[in-house]
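Good morning. Please have the sequence and the structure open while I talk. I will take one sheet, then a pair of helices, then a single residue, and end with the whole chain.

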Amino acid sequence: MRGRGGKEKLFSDRNINLQVRLCCPRRNNRTTQEPTFQYDFPWLASFRVPALPPGVVLGEQPLPPGVPSGSGLEAGPKAASPFYPGCSGGGGDCEARGPSWSWLTRTCGRHTQTWPSHSPKPRSSLGQRRCPPQPGAGPGFPPRSPPLRPAQRWVICSSAAVTSSRCRGSAVPWFLPLGGMEFAELIKTPRVDNVVLHRPFYPAVEGTLCLTGHHLILSSRQDNTEELWLLHSNIDAIDKRFVGSLGTVIIKCKDFRIIQLDIPGMEECLNIASSIEALSTLDSITLMYPFFYRPMFEVVEDGWHSFLPEQEFELYSSATSEWRLSYVNKEFAVCPSYPPIVVVPKSIDDEALRKVATFRHGGRFPVLSYYHKKNGMVIMRSGQPLSGTNGRRCKEDEKLINATLRAGKRGYIIDTRSLNVAQQARAKGGGFEQEAHYPQWRRIHKSIERYHILQESLIKLVEACNDQTHNMDRWLSKLEASNWLTHIKEILTTACLAAQCIDREGASILIHGTEGTDSTLQVTSLAQIILEPRSRTIRGFEALIEREWLQAGHPFQQRCAQSAYCNIKQKWEAPVFLLFLDCVWQILRQFPCSFEFNENFLIMLFEHAYASQFGTFLGNNESERCKLKLQQKTMSLWSWVNRPSELSKFTNPLFEANALVIWPSVAPQSLQLWEGIFLRWNRSSRYLDEAYEEMVNIIEYNKELQAKVNILRRQLAELETEGGPQESP
């Protein structure tokens with residue numbers, strides 16, 4: 001819906017797509033043109049029930065006080081609500097309902113008002129939508145119009161007021177599904193009036209709070225007020241407080257934002273809080289918003305097919321013939337966390353790969369991660385070997401990784417665990433490569449923390465950033481105690497070591513930790529950003545995320561289930577992907593002209609990894625995504641990002657293609673706290689935004705001047721050519 005600020009809200013359901021635009025120019029806060037609407041499905045404007053099922057009551061609704069009444073509109077066994085006199089389109093309001101379902105009939109589009117419901121239970125209430133009549137339809141109902149699907153409930157919030165027969169206010173009502181039977185029992189109170197919203201950098205706003213199956217929405221009747229739309233999946237934790245009859249719900253989000261809602265009435269407050277808790281912790285992935293979201297933008301690129309393994313392999317196939325695509329994991333039978341297609345040495349057949357998979361943790365046998373065209377060296381990744389305490393070996397595994405070595409060359413195995421942790425893993429059946437069995441490989445241990453240690457570090461960091469009471473020394477002490485920047489340094493140091501082995505030592509490397517799905521992917525990805533200019537472009541970075549994180553089996557569903565505020569700690573939750581994005585930001589800050597994307601691009605990826613309307617980050621691996629049929633049932637994030645209108649927001653104006661290897665500094669003074677993530681809700685970015693806009697203007701002006709200089713130079717060269725050499729007398 002487009003309000004006074006020109007913004008648009010898009011609503012969607014599994015079977016229904018609705019787009020509403022308000023074209024309502026104003027002068028002195030008065031409407032000068034009636035609002036108009038556009039619908040994807042005309043039958044949303046008017047439809048009737050072809051046959052009333054048992055238990056259905058077609059009710060009569062009175063007009064609100066102060067609204068003039070007119071003649072009735074016949075509809076079914078009873079008369080529907082009267083329509084406004086003088087309204088050329090006619091119209092009416094009618095509600096049909098059964099024990100567990102309800103649907104809506106046509107109403108007048110020139111007036112806006114929320115109508116009372118006849119439903120006996122508050123959570124089954126049906127708010128009425130003011131719909132424009134179809135041209136030429138006149139009063140009554142069209143002959144053929146499908147009803148809403150069973151068990152679908154709808155809610156309406158209006159920020160407009162009805163005065164006589166004119167439409168006033170800041171917006172028309174909006175209309176969206178509360179959800180079907182899946183959410184009916186979870187929403188105890190779908191709507192509360194007179195709720196006060198407090199959020200960072202905005203004045204307090206009073207308005208109507210609505211809960212839908214996937215969103216928390218607050219709309220105000222105040223002019224120039226931004227509506228709040230918050231995905232339930234973005235809610236990490238909630239707190240409740242009561243002062244007399246006034247209740248307060250504090251919502252803590254996964255993007256570190258904190259929102260406060262003052263709700264009148266203790267019962268309403270408790271109902272809202274319990275509903276939010278239930279809706280933000282849905283057990284089934286298929287109930288999440290990506291399965292209900294339908295895009296209203298034009299899809300110009302299918303993001304699900306933008307970065308297929310075959311396409312990525314073509315980039316290397318022109319430079320080497322030593323590698324091949326293997327379909328050994330086509331049915332996910334060999335390794336459930338690998339994609340169906342992997343790149344392996346051409347000299348290794350699929351039967352050998354099956355044997356190697358039994359020797360590696362989770363079946364994650366060594367596969368190609370990166371091919372360095374400069375010298376032909378490669379980065380491989382895998383899970384730990386299952387050598388155990390008895391020193392088990394696998395000759396096929398030894399042959400596989402030796403196939404990547406050139407004659408007379410040695411390779412490096414970078415283990416992202418400390419030697420002590422790796423030795424302890426042997427007692428549990430894991431372990432590391434024995435030098436006696438891999439004589440051409442040198443093993444290096446670089447400790448990178450995992451799991452609960454990283455999660456506790458994030459919790460301490462966010463707590464320090466939200467604490468505004470301490471002085472600078474105390475704050476810096478808490479920042480250091482979180483060890484977040486220490487983890488950044490460890491990861492970047494290991495990535496630089498891997499890049500150094502490839503580019504300066506001319507040696508191939510194998511990287512693994514325990515499972516090979518967390519710290520391993522951090523190192524392989526960052527090493528490619530250091531070595532490969534393509535990974536520093538927008539599409540190249542998207543391909544990197546797809547190849548090294550999504551297809552490589554990083555368990556996003558587990559790692560990003562909760563953030564820093566949740567009181568329930570699960571052992572598999574960890575900000576692994578956020579740490580990677582933070583490392584990328586550190587390199588971006590040190591090399592601001594070498595990246596095509598800007599900081600906003602990284603922030604966007606962080607937000608969508610934790611809560612999104614797209615299905616890209618759902619599931620823990622390709623096998624789960626295939627079972628969920630995400631490509632058929634959800635939209636890819638890349639389909640939205642790669643539209644020109646969105647790319648412009650994520651493009652770095654300072655970008656100049658740099659084909660060189662970039663070497664980031666990991667010195668303590670070179671690493672900084674990422675304010676764009678951790679302080680954006682605590683410190684206003686107004687002046688930074690103004691400075692950024694000024695920088696963009698200067699760059700554009702400089703380009704214009706440079707273009708004029710080039711034109712003048714060409715004109716001067718043409719004049720010199722036309723004049724020819726002048727002979728001296």
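Start with the open sheet of 5 strands, which runs in the order β23-β24-β27-β25-β26. Its pairing is mixed. Keep in mind that this is a predicted model. Which strands stand at the edges of the sheet? They are β23, residues 367-371, and β26, residues 441-445. Each of these has a single partner strand, so one side of each is left without a neighbour in the sheet. Going from one strand to the next, the twist averages 25 degrees.

As a reminder for those new to this, strands of a sheet pair through backbone hydrogen bonds, and the pairing is either parallel or antiparallel. Now look at strand β25, residues 411-415, beside β26. In which sense do these two pair? The sense is parallel, and the pairing extends over 5 bridges. To find the place on screen, go to Asp-415, which stands opposite His-445 in β26.

Next, the helices. Helix α9 covers residues 484-503 and helix α10 covers residues 519-531. Their axes come within 8 Å and cross at roughly 55 degrees. How do we name that arrangement? An angle between 35 and 65 degrees falls outside both the roughly parallel and the roughly perpendicular ranges, and α9 and α10 are therefore oblique to each other. The crossing of α9 past α10 is right-handed.

Which residues make the contact? On the α9 side they include Ile-491, Leu-492, Ala-495 and Ile-502. On the α10 side, Val-523, Leu-526 and Ile-530 are among them. By type, the residues of this contact divide into 12 nonpolar, 2 polar and 1 charged.

Now a single residue, Arg-474, which lies in helix α8, residues 472-482. Is Arg-474 buried, partly exposed or exposed? Its relative accessibility is 45%, and the range between 20% and 50% is called partly exposed, so Arg-474 counts as partly exposed. Arg-474 and Ala-464 are 10 residues apart along the chain, and their C-alpha atoms are separated by 9.4 Å.

Last, the whole protein. There are 20 helices and 27 strands. The protein has 729 residues, and buried residues make up 54% of them. Consider the contacts with a separation of 6 or more: residues 24 or more positions apart account for 68% of these.

That is the end of the tour.

Conventions. Residues numbered from 1 in each chain as written. Predicted model: local features only at pLDDT ≥ 70, side-chain atom pairs only at ≥ 80, totals over all residues. Heavy atoms only, no water. Helix = DSSP H or I, 4+ residues; strand = E, 2+ residues; numbered from the N terminus. Buried < 20%, exposed > 50% of the residue type's maximum accessible area, 1.4 Å probe, protein only. Axes fitted to C-alpha atoms, helices over the stretch in contact; angles between N-to-C directions. Parallel < 35°, antiparallel > 145°, perpendicular 65-115°, else oblique. Left-handed = near helix turned anticlockwise from the far one by under 90°. Contact = heavy atoms within 4.5 Å. Nonpolar A, V, L, I, M, F, W, Y, C, P; charged D, E, K, R; others polar. Pairing = 2+ DSSP bridges.
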